[in-house]
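Welcome, and please open the model in your viewer. We will go from the whole chain to a small sheet, then to the rings around it.

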Amino acid sequence: LKHPETGFSERSAGARMAIDPERMESWFNLAALCMRDAPEWKLDASQADASLSHHIMPWVTLMKFDFRNIWIPEAPEDPADLLTRPEVRGRNFHVAPSASKVTLLEILAPGDALVEHQPLSAWLVRMLATVLFGNSEGPFPSTSRDHRNIARHQLRRNFPLPGDCTCGEFHAETSQECMLICRREGPWKCFRVIITFPAQIGNNLPGAWAAPFFPMMLDLVRQAACDFLNRPGLPVLRELDMHAYVVLSLRNYNRGAPLVPHKGVGNDVVTITFGQDSGLSSWTRFQSESRQFRFAQYMHVFMEKLGHPLKFYETLDGRVLVPYQCVVSRQEWEKLRDVFAPAFGKQKAAYRRANGGASAPSWTDSIRPHFLSTRPEWLLPPSDAVTTNDNAESDATKLVVRNTFLELQEAGLPAGSTCRRSKSIGARSWPQ
């Protein structure tokens with residue numbers, strides 16, 4: 001049963017509520033710990049380039065498979081691109097099938113999606129995991145081939161360190177979750193792969209009876225990881241992933257926020273004759289929903305005013321973009337780019353009429369993403385993630401864009417002076 005407005009099933013909506021963002025964040029916060037050979041990790045079994053260990057924490061017992069020197073001959077040039085976004089994998093599962101079928105239900109942000117998860121194979125691995133790390137109530141529901149479970153998959157690139165790639169999997173109907181972390185090491189096509197998950201047995205770890213099974217488990221899981229990361233079709237899937245989104249950027253709006261189409265009259269309405277033939281003769285200043293201007297919010301309102309609602313995102317693979325950039329589906333954008341471009345041209349004429357002079361906002365869709373800061377602002381609300389002067393009032397700071405840099409201009413300073421540039425960082429190469 002699909003919701004009449006969103007098109008997503010009621011089960012999908014319930015899953016979003018069931019998967020607590022704080023629960024997800026607590027797992028991602030453990031990523032750096034999982035990559036360290038800390039004394040807290042107690043070794044259960046080891047082989048050449050493979051180990052199984054556990055870490056007893058107050059709220060969970062973590063299990064960790066650690067595999068070294070996994071050879072991936074078709075690895076991408078940027079190791080952070082090793083794993084594909086869940087929405088791309090879910091839409092194109094037939095391109096690179098894996099042991100678990102993933103079907104896309106809903107995109108929450110680029111690299112963050114609700115999917116339907118269905119095991120297809122690797123039965124022995126799943127049943128051994130149930131026996132060794134499961135609970136007395138029976139097997140994990142998701143180990144059954146016929147069981148379809150809704151899960152939230154989230155990908156974070158360049159996390160926990162630059163070049164790393166981390167994917168978390170969080171199931172809605174059970175307490176199951178796991179995290180896959182990949183890091184290139186040694187030769188450029190060799191990777192270290194970490195798989196971590198909670199043992200569903202509290203602190204009662206398997207006894208001596210289980211020890212003979214650990215080497216078998218290491219072999220099976222290592223082979224499963226190698227198969228997953230080298231499965232046929234994966235390079236094609238990565239290519240689709242690389243071109244899934246477009247980064248939009250706004251410049252030259254230092255004389256106030258850009259305008260949006262308006263119907264009706266008012267004191268703040270700007271009228272131009274240039275747009276009468278298309279019904280775009282009246283314009284008004286965009287009012288942001290947050291303390292500061294966000295390009296994604298502006299684009300959402302602008303396209304909605306044109307009668308073409310479209311989703312724009314402020315995060316990319318878990319990282320917050322600078323306020324003057326946003327991300328949109330390439331497929332959807334290419335359909336509506338020619339609708340937006342002439343309408344925004346009329347906006348520029350209205351902007352000049354409202355402010356005087358020749359300066360007006362401009363946009364581009366052929367630019368690399370820039371992220372808010374070097375700090376790990378993972379999925380914080382954009383209004384909270386912006387770094388501001390702690391002693392300044394929230395309404396005493398405004399954004400000024402100069403070229404591709406964001407600057408803060410505070411009350412009491414001349415209009416031409418600036419305080420500092422934002423701590424934005426550039427990104428890797430981006431498809432044009």
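Two strands count as paired if DSSP finds at least two bridges between them. Keep that in mind for the stop at V270, which stands opposite W283 in strand 13. Bear in mind too that this is a predicted model.

**The whole protein**

Start with a cartoon view: the protein has ten helices and 20 strands. Of its 432 residues, 52% are buried. If you colour by surface, the accessible area is about 20,200 Å², and carbon and sulfur atoms account for 53% of that. Now think about contacts between residues at least 6 apart in sequence: 66% of them join residues at least 24 apart.

**The sheet**

Next, select 259-261, 270-271 and 282-285. The first two ranges are strand 11 and strand 12, the edge strands, each pairing on one side only. The third range is strand 13, joined to strand 12 by two bridges and running antiparallel to it. Which order do the three strands take in the open sheet? The order is 11-13-12, with antiparallel pairing. Show V270 and W283 as sticks to see the two residues opposite each other.

**Two helices on the sheet**

Add residues 295-305, which are helix 8. Helix 8 packs on the sheet and touches strand 11 and strand 13, its direction making about 25° with that of strand 11. Then add 330-355: this is helix 9, lying across strand 11, strand 12 and strand 13 at about 65° to strand 13.

**Aromatic rings**

The whole structure contains 17 aromatic pairs. For one of them, select Y253 and F293: the pair is tilted, with 4.8 Å from centre to centre and 45° between the planes. Why does this pair tie together parts that are 40 residues apart in sequence? Y253 lies in the loop between strand 10 (245-251) and strand 11, and F293 in the loop between strand 13 and helix 8, so the pair links those two loops. Residues under 20% relative accessible area count as buried. Y253 is therefore buried at 3%, and F293 is buried at 9%.

Now widen the selection to the aromatic cluster that includes both rings: Y253, W283, F286, F293, F295, Y298, F302, W333, F340, F344 and W363.

**Charges over rings**

For the last stop, select R319 and F371: the charged end of R319 sits over the F371 ring, 4.2 Å from its centre. Then move to R156, which lies over the face of F159 at 5.6 Å from the ring centre.

Methods
Residues numbered from 1 in each chain as written. Predicted model: local features only at pLDDT ≥ 70, side-chain atom pairs only at ≥ 80, totals over all residues. Heavy atoms only, no water. Helix = DSSP H or I, 4+ residues; strand = E, 2+ residues; numbered from the N terminus. Contact = heavy atoms within 4.5 Å. Axes fitted to C-alpha atoms, helices over the stretch in contact; angles between N-to-C directions. Buried < 20%, exposed > 50% of the residue type's maximum accessible area, 1.4 Å probe, protein only. Areas by Shrake-Rupley, 256 points an atom, 1.4 Å probe, with all protein chains shown as cover. Phe/Tyr/Trp six-rings, centres within 6.5 Å; stacked < 30°, edge-to-face > 60°. Lys NZ or Arg CZ within 6 Å of the ring centre and 35° of its normal.
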